[in-house]
2 protein chains.
Amino acid sequence: MENKNTYHHGNLKNALISAGVEILAREGVGALSLRKVAKKVGVSHSAPYAHFKDKQALIAAISIEGFKKLLAELQNTFEKYRANPDRLLLETAWVYFEFALQEKDTFKVMFSGILEKEKNYPDLVDVVQQTFQMVVNVVSICQLNGILRAADADLTSVVVWSQIHGLISLYLEGQISHTILDNYELRKILLYALNQFTLVPIQ
Amino acid sequence: MENKNTYHHGNLKNALISAGVEILAREGVGALSLRKVAKKVGVSHSAPYAHFKDKQALIAAISIEGFKKLLAELQNTFEKYRANPDRLLLETAWVYFEFALQEKDTFKVMFSGILEKEKNYPDLVDVVQQTFQMVVNVVSICQLNGILRAADADLTSVVVWSQIHGLISLYLEGQISHTILDNYELRKILLYALNQFTLVPIQ
DNA sequence: ATATAATCTAGACAGTGTCAAGATAGAAAA
DNA sequence: TTTTCTATCTTGACACTGTCTAGATTATAT
């Protein structure tokens with residue numbers, strides 16, 4: 001995947017992260033091991049320790065990568081729909097859904113509490129905070145345009161985010177019964193959920 | 001924990017499940033291993049294989065135990081508040097929160113997608129279905145009493161459940177920023193969330 | 001150029017899930 | 001009761017895991 005001729009890889013840290021993301025996509029979170037990541041990059045099994053304190057640190061880096069990608073897509077959507085606040089909310093939520101569906105196992109890693117709370121990864125906290133800020137931005141615009149109630153934007157954002165996150169999480173875990181999924185497609189369910197929050201019906 | 005004198009344990013299957021639950025509570029999901037569970041019960045490292053096909057099967061059994069406990073508490077709450085539908089919704093959600101907070105890692109195991117969807121555990125599907133049915137019951141009563149809109153009870157239940165589940169999940173993962181948690185306690189946030197759904201404000 | 005630091009390898013260790021072969025004991029059949 | 005069968009449990013092995021140490025290699029700074 002990278003230049004492997006030299007003793008020093010040159011870009012090992014990023015190569016390890018990419019390899020980890022690929023393994024997540026191809027084989028799932030259960031197959032993610034430091035040794036496999038190292039082998040995939042063509043480096044010895046303990047080479048990663050020059051760049052990551054432990055496995056958790058690699059997972060944190062992968063999470064950061066995931067959040068950055070999600071954040072970028074949220075920003076795109078924001079620019080695209082900021083003039084149409086009624087669609088902005090739905091499309092923002094939908095981007096979240098699409099990310100979770102496409103990067104199923106990366107999403108799982110990002111939110112499944114593998115990382116212990118004790119250790120704090122400042123860069124991760126940063127990008128999570130930025131991602132949440134995007135939700136706040138969307139909520140704020142919707143409030144200004146009479147689509148959402150004018151309550152505390154932070155509080156509303158947390159609740160809206162939870163709604164979206166809970167829905168896609170339960171869906172990914174297969175917890176939403178098929179009898180419901182047969183009657184309503186995912187986007188319809190999302191729409192119904194978001195319409196609980198809106199002052200004006202959106203579609 | 002059980003009679004350990006005889007060669008045959010007598011109640012090994014249940015003992016293994018209990019030991020697993022204890023390890024989850026004491027050391028967290030990262031420390032849950034078949035060998036540790038076996039040692040805790042005082043049995044050889046491969047004795048569990050007489051009762052569980054593999055580690056996933058033990059985890060499924062632990063999940064079932066968790067859902068049964070959650071279900072029992074939901075049923076208690078239902079009986080307690082069925083005459084007060086305005087509190088029923090809140091207290092049902094709160095029981096869900098309390099379970100997740102008390103049995104943090106069991107909750108994580110129940111919902112963190114460790115179990116592969118391919119393998120299906122009928123008993124697990126059963127108890128999950130029963131748990132969801134409790135939500136439907138609560139939602140139905142609330143609809144009959146004009147607390148919730150009279151829409152499809154299944155659809156509304158999925159969305160309400162997602163809201164509750166998303167909120168406590170993000171909280172447990174530490175994703176809800178401290179600036180918000182400093183301003184609002186968890187129950188207030190939950191209340192605000194549920195009031196998005198209700199026709200009449202609840203408190 | 002030389003010293004220092006960053007990067008990578010090789011080997012080891014304890015712990016893991018899982019399988020195969022065999023020991024033990026309770027249950028069923030004779 | 002004795003015999004057979006089957007469920008249960010032990011022992012030993014295997015490949016794989018995360019992590020540590022010691023040392024080799026290369027880049028960087030003095």
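Which side chain has an N or O atom 2.7 Å from a base oxygen of DNA strand D? That would be the side chain of His45(B).

A quick word on the ground rules: this is a predicted model, where local features need pLDDT of at least 70 and side-chain atom pairs count only at pLDDT 80 or more, while totals for chains, interfaces and linings use all residues. Residues are numbered from 1 along each chain as its sequence is written, chains are lettered from A and ligands numbered from 1 in the order in which they are written, and side-chain values use heavy atoms, with hydrogens and water left out.

**At the DNA**

Here are three N/O distances to DNA strand D; a polar contact is a pair of N or O atoms within 3.5 Å (within protein, one must be able to donate a hydrogen and the other to accept it, and residues adjacent in sequence count only if both atoms are side-chain atoms).

| Protein atom (N or O) | Atom of DNA strand D | Distance |
|---|---|---|
| His45(B), side chain | base oxygen | 2.7 Å |
| Ser46(B), side chain | base oxygen | 2.4 Å |
| Lys55(A), backbone | phosphate oxygen | 2.8 Å |

His45(B) and Ser46(B) also turn up, with His9(B), Ser44(B) and His51(B), as the nearest of the 23 residues around the strand; "near" asks for a heavy atom within 4 Å. Of the DNA strand D atoms that come within 4 Å of the protein, 56% belong to sugar and phosphate. The surface near the strand splits into 8 nonpolar, 11 polar and 4 charged residues. For those classes, Ala, Val, Leu, Ile, Met, Phe, Trp, Tyr, Cys and Pro are nonpolar, Asp, Glu, Lys and Arg are charged, and the others, Gly among them, are polar.

**Where the chains meet**

Chain B and chain A each put 35 residues into their contact (heavy atoms within 4.5 Å). Together they bury about 3300 Å², 65% of it on carbon and sulfur atoms; that is the accessible area (1.4 Å probe) lost on putting the two parts together, summed over both. Leu155(B), Gln175(B) and Tyr192(B) supply 18% of what chain B buries here, more than any other three residues.

Across the interface there are 8 residue pairs in polar contact, both residues at pLDDT 80 or more. On chain B, helices H5 (104-111), H6 (122-144), H7 (153-172) and H9 (186-194) each bring at least two residues (helices are DSSP runs of H or I, at least four residues, and strands are E runs of at least two, numbered from the N terminus). H7(B) gives the largest share, 12 residues. By class, this side of chain B has 19 nonpolar, 10 polar and 6 charged residues.

**Chain A itself**

Chain A has 9 helices and 0 strands, and its C-alpha trace spans about 60 × 35 × 30 Å along its principal axes.
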